[in-house]
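Subject: A structure for you to look at

Hi there,

I'm passing a structure on to you, together with some notes on what turned up in it. Have a look at it first, and then read on with the model open beside you.

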Amino acid sequence: MAESSLHFRLDPSRAEPLYAQIQAQIKYLLASGGLRAEDELPSVRAMAERYLINPNTVVRAYAELEREGLVYKKRGTGTFISQAAVDMATDDKQRIVADRK
């Protein structure tokens with residue numbers, strides 16, 4: 001999926017922090033098949049500019065996803081979906097998708 005075709009719904013009025021909203025939406029895209037291994041996520045700068053948010057918010061969301069093994073960084077290139085994210089257990093995928101409904 002091209003990074004430009006990713007659309008996030010970020011609502012600053014929600015109790016959930018913006019970085020957590022980004023994380024949750026990326027996990028949903030992974031679980032629902034909207035993102036695949038080696039897909040590139042938008043750059044921190046592009047996300048911050050597009051959604052008018054602080055770049056540190058995007059950095060935190062990506063860092064949390066990286067800690068969970070769902071994404072990895074290629075120095076000077078970007079942030080990509082890991083194979084481990086795609087291999088996520090079916091139960092986890094079903095739970096994530098069900099939580100969004």
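Before we start, one term: two residues are in contact when they have heavy atoms within 4.5 Å. With that in hand, look at Thr-57, which sits in helix 3. Leaving aside neighbours within four places in sequence, Thr-57 is in contact with Leu-18, Tyr-19 and Ile-22. Is Thr-57 buried or exposed? The relative accessible area of Thr-57 is 19%, and buried means under 20%, so Thr-57 counts as buried. Please keep in mind throughout that this is a predicted model.

**The overall layout**

The chain has 5 helices and 2 strands. Going along the sequence, they follow the pattern α-α-α-β-β-α-α. Of the 101 residues in the chain, 37% are buried. If you take the contacts between residues at least 6 apart in sequence, 56% of them join residues at least 24 apart.

**Helix 1 against helix 3**

The axes of helix 1 and helix 3 are 8 Å apart, and the two helices pack at an angle of about 45°. Angles from 35 to 65 degrees fall among those called oblique, and helix 1 and helix 3 are therefore oblique to each other. Their crossing is right-handed. On the helix 1 side, the contact is made by Leu-18, Tyr-19, Ile-22, Gln-23, Ile-26 and Lys-27. Helix 3 brings Thr-57, Val-58, Arg-60, Ala-61, Tyr-62, Glu-64 and Leu-65 to this contact. You will recognise Thr-57 here, along with Leu-18, Tyr-19 and Ile-22, which Thr-57 touches. Sorted by class, the contact of helix 1 with helix 3 has 8 nonpolar, 2 polar and 3 charged residues.

**Helix 2 against helix 3**

Now turn to helix 2 (residues 44-51) and helix 3 (residues 55-67), whose axes come within 8 Å and cross at roughly 125°. Helix 2 and helix 3 are therefore oblique to each other, and their crossing is right-handed. Which residues meet here? Val-44, Met-47 and Ala-48 of helix 2 meet Pro-55, Val-58, Val-59 and Tyr-62 of helix 3. The contact of helix 2 with helix 3 consists of 7 nonpolar residues, with no polar and no charged ones.

**The nonpolar core**

The largest nonpolar core has 22 residues, and Phe-8, Ile-22, Ile-26, Leu-35 and Leu-41 touch the most other members. Helix 1 (18-31), helix 2 and helix 3 each supply at least two residues of this core. Helix 1 gives the largest share, with 6 residues. Phe-8 is a good residue to click on: not counting residues up to four places away in sequence, Phe-8 touches Ile-22, Gln-25, Ile-26, Leu-29, Met-47 and Tyr-51.

**Two residues with positive phi**

Next, two residues in loops. Glu-38 lies in the loop between helix 1 and helix 2. Phi of Glu-38 is near 75°, a positive value in a residue that is not glycine. Glu-38 is partly exposed, with a relative accessible area of 44%.

Leu-52 is in the loop between helix 2 and helix 3, and Leu-52 also has a positive phi, about 55°, without being a glycine. Is Leu-52 buried or exposed? The relative accessibility of Leu-52 is 77%, and the cut-off for exposed is over 50%, so Leu-52 counts as exposed.

**Around strand 1**

Tyr-72 belongs to strand 1 (residues 71-74) and is partly exposed, with a relative accessible area of 23%. Leaving out residues up to four places away in sequence, Tyr-72 touches Glu-38, Glu-66, Gly-78, Thr-79, Phe-80, Ile-81 and Ser-82. Glu-38 in that list is the loop residue with positive phi from above. From C-alpha to C-alpha, Tyr-72 and Gln-83 are 9.7 Å apart, and 11 residues separate them in sequence.

One last pair to find: Ala-63 and Lys-73 are 10 residues apart along the chain, and their C-alpha atoms are separated by 9.5 Å. Ala-63 is in helix 3 and is partly exposed, with a relative accessible area of 21%.

Enjoy exploring it, and do write back with any questions.

Best wishes

Definitions and conventions. Residues numbered from 1 in each chain as written. Predicted model: local features only at pLDDT ≥ 70, side-chain atom pairs only at ≥ 80, totals over all residues. Heavy atoms only, no water. Axes fitted to C-alpha atoms, helices over the stretch in contact; angles between N-to-C directions. Helix = DSSP H or I, 4+ residues; strand = E, 2+ residues; numbered from the N terminus. Parallel < 35°, antiparallel > 145°, perpendicular 65-115°, else oblique. Left-handed = near helix turned anticlockwise from the far one by under 90°. Nonpolar A, V, L, I, M, F, W, Y, C, P; charged D, E, K, R; others polar. Core = buried A, V, L, I, M, F, W, Y, C linked by side-chain atoms within 4.5 Å. Buried < 20%, exposed > 50% of the residue type's maximum accessible area, 1.4 Å probe, protein only.
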